[in-house]
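Please open the structure in your viewer and keep the selection tool at hand. The stops below say what to select and what to look for there.

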Amino acid sequence: MWQHALEGLAEAGWWALAPDLPGYGDSEPDLGGVGYGSWERHVEALERFLGELEPGPVALVTHDWGVPIGLRWACDHPGAASALVISDGGFFADRRWHDLANVMRTPEKGEKLIRAYTREGFETALRAVSSGMSDQALAEYWKAFADDTRRLAHLELYRSGDFEKLIPYEGRLAALDLPALILWGEEDRFATVQMARRFHEELTGSELVVIAGAGHFVWDDEPERPSGALVDFLERRLG
């Protein structure tokens, strides 16, 4: 997902890191204890990753589940982020899950669904919602479904995603008072552009960029435009 953005950032002189969260890409699942794939465990993984590298304040770029994972971390560690980039994901206690997520959150139904995935069906489904899915991208995304442990971790993640957990965070994101770019695919079916406008309204001084022709997978669908907007934002707001 981040390949094009990483290249653009490197050319502009930025040090950019895109970690695979546990159980995704080439990272092994974090099997230590109960709830190994949960929302909270991914927040902890991000904290360990940055604690190991000690990069100083980071411009945090988030997408989809990375939004609630990354923004919880940023709110829990004021001063650890220097800027926020939020794309196609939510951080609101009054949000509701979409239909696919509700199936995954339902015992037995979720297991039946996730174990029925085939590589061919997975690729067909992603291509149906994204115009920019290359063979390489599909091969990388499939790694998260390569075995039963990784598949069931998806259910752990969604079943830990109770939005009332965000009630204590209401107002805390805005209180960070960080430069923020809200970047969204105009045709996102899972996290609609209305959510982008809500972020924009709540974060004073934030910038909103809506990418026409892109859906939920905005970084895959139109890689040059969001990557260019990201570099431009960082250059202007952080220098």
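The tour goes through a helix, a surface patch and several salt bridges, in a model that is predicted.

Begin by selecting residues 224-237, which make up helix 12. With 14 residues at 1.5 Å a residue, this helix should span 20 Å, and because its end C-alpha atoms are 20 Å apart, the expected and modelled spans agree. Now colour the buried residues of helix 12, which are Pro-226, Ser-227, Ala-229, Leu-230, Val-231, Phe-233 and Leu-234. To see what these buried residues pack against, add helix 1 (3-11), strand 1 (58-63), strand 2 (81-87), strand 3 (180-185), strand 4 (207-211) and helix 11 (218-221). Before leaving, select Gly-239, which follows helix 12 and has a positive phi, near 75°.

Next, turn to the surface and select Trp-15, Leu-17 and Leu-53, which form a nonpolar patch with about 330 Å² of accessible area together. Trp-15 lies in the loop between helix 1 and helix 2 (39-53), and it counts as exposed because its relative accessibility is 61%, where exposed means over 50%.

The remaining stops are salt bridges, of which the count comes to 21. Select Arg-150 and Glu-28, whose closest N and O atoms are 3.6 Å apart in a salt bridge. Arg-150 lies in helix 8 (residues 148-159) and Glu-28 in the loop between helix 1 and helix 2, so the pair ties together parts that are 122 residues apart in sequence. Are these two partners buried or exposed? Arg-150, at 7% relative accessibility, counts as buried, whereas Glu-28, at 58%, counts as exposed.

Stay with helix 8 and select Asp-148 together with Arg-115, whose side chains meet in a salt bridge at 2.9 Å, N to O. This pair links distant parts of the chain, with Asp-148 in helix 8 and Arg-115 in helix 5 (residues 109-115), 33 residues apart. Asp-148 is partly exposed, with a relative accessible area of 35%, and Arg-115 also counts as partly exposed, at 47% relative accessibility.

Then move to helix 10 (residues 193-202), where Glu-202 and Arg-198 both lie, 4 residues apart, about one turn of the helix. Glu-202 forms a salt bridge with Arg-198, and the closest N and O atoms are 3.2 Å apart. Glu-202 counts as partly exposed at 41% relative accessibility, and Arg-198 is partly exposed with a relative accessible area of 30%.

For the last stop, select Asp-30, Arg-41, Glu-44 and Arg-48, which are joined into one network by salt bridges that share partners.

Definitions and conventions
Residues are numbered from 1 along each chain as its sequence is written. This is a predicted model: local features need pLDDT of at least 70, side-chain atom pairs count only at pLDDT 80 or more; totals for chains, interfaces and linings use all residues. Side-chain values use heavy atoms; hydrogens and water are left out. Helices (H or I, at least four residues) and strands (E, at least two) are DSSP runs, numbered from the N terminus. The expected span of a helix is 1.5 Å times one less than its number of residues. Buried means under 20% relative accessible area, exposed over 50%, partly exposed in between (1.4 Å probe, protein chains only). Contact means heavy atoms within 4.5 Å. Patches are made of residues with over 30% relative accessible area and no salt bridge: like charges are joined within 9 Å, nonpolar side chains (Val, Leu, Ile, Met, Phe, Trp, Tyr) within 5 Å. Accessible areas come from the Shrake-Rupley method with a 1.4 Å probe; for residues, only the protein chains shown count as cover. A salt bridge is a side-chain nitrogen of Lys or Arg within 4 Å of a carboxyl oxygen of Asp or Glu.
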